[in-house]
Amino acid sequence: MSARSSQVSVENVSKVHFSLKGEPLLALQDVTFCAENNEFFSIVGPSGCGKTTLLNLLAGFEQPTRGELRVGGELISEPGWERAVVFQEYALFPWYTVRENIRYGLQRKRLPAAEQRRLVDHYVGLVGLRGFESRYPRELSGGMRQRVSIARALAVNPSILLMDEPFGSLDVQTREYMQDELLKIWQREPKTVIFVTHSIDEAIKLSDRIAIMCPRPGRVQEIKRVDFARPRDPTDPAVVRLAAEVKRWLRQQAFAEETEPPGAERALSG
Amino acid sequence: MAAAAPRPEVKPASPAADDAARLAAALAPPRPPAWRRALSRVANFWLLAAFLVVWELVSVYGQRINPQLDVMMPAPTTVVSAAAELAKRGVLFTHIVDSLYRVLLAVGAATLLGVPLGLAMGWSKRFRATVDPLLEFVRPIPPLAWIPLSILWFGIGDAQIVYIIFLAAFFPVVLNSLAGARDVDIYLVRAGLSLGARRRELFTTVVLPAALPSIFTGVRIGLGIGWMALVAGELVAAPSGLGYMINNARTLFRSDYILLGMVLIGALGLVLDFLMRQAMRLAMPWYHGK
């Protein structure tokens, strides 16, 4: 299983979106980076910097206007289970129970029934939802729903996990708990994780490397390596220093953006 | 919301959860006894009951002042005895069965044809663009305007009335199925695709269930409008049915039959809608709609 390469490479990717009025907008400009095998790679930046667009391209939901995205050397042309996605709003099928949601991808892979049962059982346990298999998503709390969504993505055994602000709508305690759980799972079943977030603290806590993006046009400004040993203590002076540095730097960027164009632009971002 | 329905198949996650469940059961205010709940439900009908009593009194005692009231406003008790009379002769049952048969046949056909058409239109933009002009051309014509032409086509009988009801029910079914399939949450479609669903699987596992509430809404509306079209159609031209019964009673000056027909039409409409809602709950246990 681990033989297949899960290196993710993004080369000179640009993406043009159209506004409702039909005006072209440069959502991404010449984005280039490479996430290594089993690396935890985060993408941070303010809203509108194109990080979700980038994730959609990686998932295969959209095609780049220019440039190439590859997984293990192969071009990404369409969505597929080898790049499973965890969405911010969970995107669980409301008409399926927890068990059926997690089994969904396994059925699509045409696995034997016994194998499906075994895997569902394994991942239900892994995300701590034993006893809730027969519940519908609407009967679960936000944290539990996101755990189902993670289990559903992991169950198909993807080589890459794409996560789009997965913990963004959880309360602080649940979010920290989920971050710890995600790290444990990732260490137990290594895979390449592309993790989109707007929280710098979250990115520093989890990632091997962090790509920092800036808006208008969306582009990668810098890629930072986080070398501290896990689990990381957010009060560790080195961690605090790195977080402060990145935040200061992002603020400067935002400030530069705001002062450059005339008044109307400032009103928008304020 | 989870607490509303007890689910015996769910085992508590931990001893702590077990304790919490026991504590919740102990703290919950006791449910009022069954007779109390039944009484409070019946109590909601006092206004209806008062209305019927006032009607009865006005009708019975009003006749002393104005004898015409006998025909103009038959008393509820008179309507009940009219029902008994017609039932004994066996006609009432025939009228009800004929009307129900027509409406169920027509709405069934409208569902069988309308749901696939609507889903296909919601699913494929190109198909929608092709079919839309024709559909929008026919749709604004009221079903009742079809009656004269349909009598020429089918003669007076079941086929003609079924056709009118079908027209009435078809469009709400199509348009609601269309909206259901078109407005599927894009994230659910993407989730399906990224988990390896092929196009056909995506349709059966995501688009169809997501559209199901809208489909049911469409059929419910279609049934309601179809029921109205049935009565209108039977009033104009029919060999039997509740609408025919009303119209026939008019020529015989039997206002008690007229009123009986009206009450039955209302009650049967209510029953049909109730059955639809039960079907919805059975088909979509995950959907707690209003």
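User: In this predicted model, what makes Arg216(A) notable in the hairpin of β9(A) and β10(A)?

Analyst: Arg216(A) has a positive phi near 50° there, in a hairpin with four residues between its strands. Most residues other than glycine have a negative phi, and most peptide bonds are trans. Arg216(A) is also joined to Pro217(A) by a cis peptide bond, with omega about -10°. Pro217(A) belongs to the loop between β9 (209–214) and β10 (219–225) of chain A.

User: Where is Pro231(A) found, and what kind of peptide bond joins Arg230(A) to Pro231(A)?

Analyst: The bond between Arg230(A) and Pro231(A) is cis, with omega about -5°. Pro231(A) lies in the loop between β10 and α7 (237–259) of chain A.

User: How do you know that β9(A) and β10(A) are paired strands?

Analyst: Two strands pair if at least two bridges are found between them. Six bridges join β9(A) to β10(A), so the condition is met, and the two run antiparallel. One of the matched pairs is Met213(A) with Val220(A) in β10(A). β9(A) also pairs with β3 (residues 40–44) of chain A, through four bridges, and here the strands run parallel. In that pairing, Val44(A) stands opposite Ile212(A) of β9(A).

User: Why is β9(A) described as largely enclosed?

Analyst: A residue is buried if 20 or more other C-beta atoms lie within 10 Å of its own. Five of the six residues of β9(A) are buried, and therefore the strand is largely enclosed by the rest of the structure.

User: What makes the pairing mixed in the sheet of six strands that includes β9 of chain A?

Analyst: Strands of a sheet pair through backbone hydrogen bonds, either parallel or antiparallel. This open sheet has the order β6-β7-β8-β3-β9-β10 in chain A, and its pairing is mixed. β9(A) runs antiparallel to β10(A), whereas β7(A) runs parallel to β8 (residues 192–197) of chain A, with five bridges. Leu162(A) has Ile194(A) in β8(A) as its bridge partner. α4(A) packs on the sheet, touching β6 and β7 of chain A, and its direction makes about 180° with that of β6(A).

User: Why are β6 and β10 of chain A said to stand at the edges?

Analyst: β6 (83–86) and β10 of chain A each have a single partner strand, so one side of each is left without a neighbour in the sheet. From one strand to the next, the twist averages 20°.

User: Which strands stand at the edges of the sheet with the order β2-β1-β4-β5 in chain A?

Analyst: That open sheet has four strands, with antiparallel pairing. Its edges are β2 (24–35) and β5 (74–75) of chain A; each has a single partner strand, so one side of each lacks a neighbour in the sheet. Further in, β1 (residues 8–18) and β4 (residues 66–71) of chain A are joined by five bridges and run antiparallel. Ser9(A) stands opposite Arg70(A) in β4(A).

User: Why is Asn157(A) called partly exposed, but Phe253(B) exposed?

Analyst: A residue is exposed with 12 or fewer C-beta neighbours within 10 Å, buried with 20 or more, and partly exposed in between. Asn157(A) has 16 such neighbours, so it counts as partly exposed. Phe253(B) has 9, and therefore counts as exposed. Asn157(A), in the loop between α4 (142–155) and β7 (160–164) of chain A, has a positive phi of about 55° although it is not a glycine. Phe253(B) likewise has a positive phi, about 65°, and its place is in the loop between α12 (242–252) and α13 (255–283) of chain B.

User: What makes up the contact between chain B and chain A?

Analyst: The contact takes 21 residues from chain B and 26 residues from chain A. On the side of chain B, α10 (186–194) and α11 (199–236) each supply at least two residues. The largest share there, six residues, comes from α10(B). The residues on this side of chain B divide into 14 nonpolar, two polar and five charged.

User: How many residues of chain B, as a percentage, score at least 70, and where does pLDDT stay under 50?

Analyst: Chain B averages a pLDDT of 88, and 94% of the residues score at least 70. Over residues 1–10 of chain B, pLDDT stays under 50. Where pLDDT is low, the predicted coordinates should not be read in detail. For the complex, the predictor gives an ipTM of 0.87 and a pTM of 0.82.

Terms used: Residues numbered from 1 in each chain as written. Chains lettered and ligands numbered in written order. Predicted model: local features only at pLDDT ≥ 70, side-chain atom pairs only at ≥ 80, totals over all residues. Contact = placed C-beta atoms within 7 Å. Nonpolar A, V, L, I, M, F, W, Y, C, P; charged D, E, K, R; others polar. Axes fitted to C-alpha atoms, helices over the stretch in contact; angles between N-to-C directions. pLDDT = per-residue confidence, 0-100.
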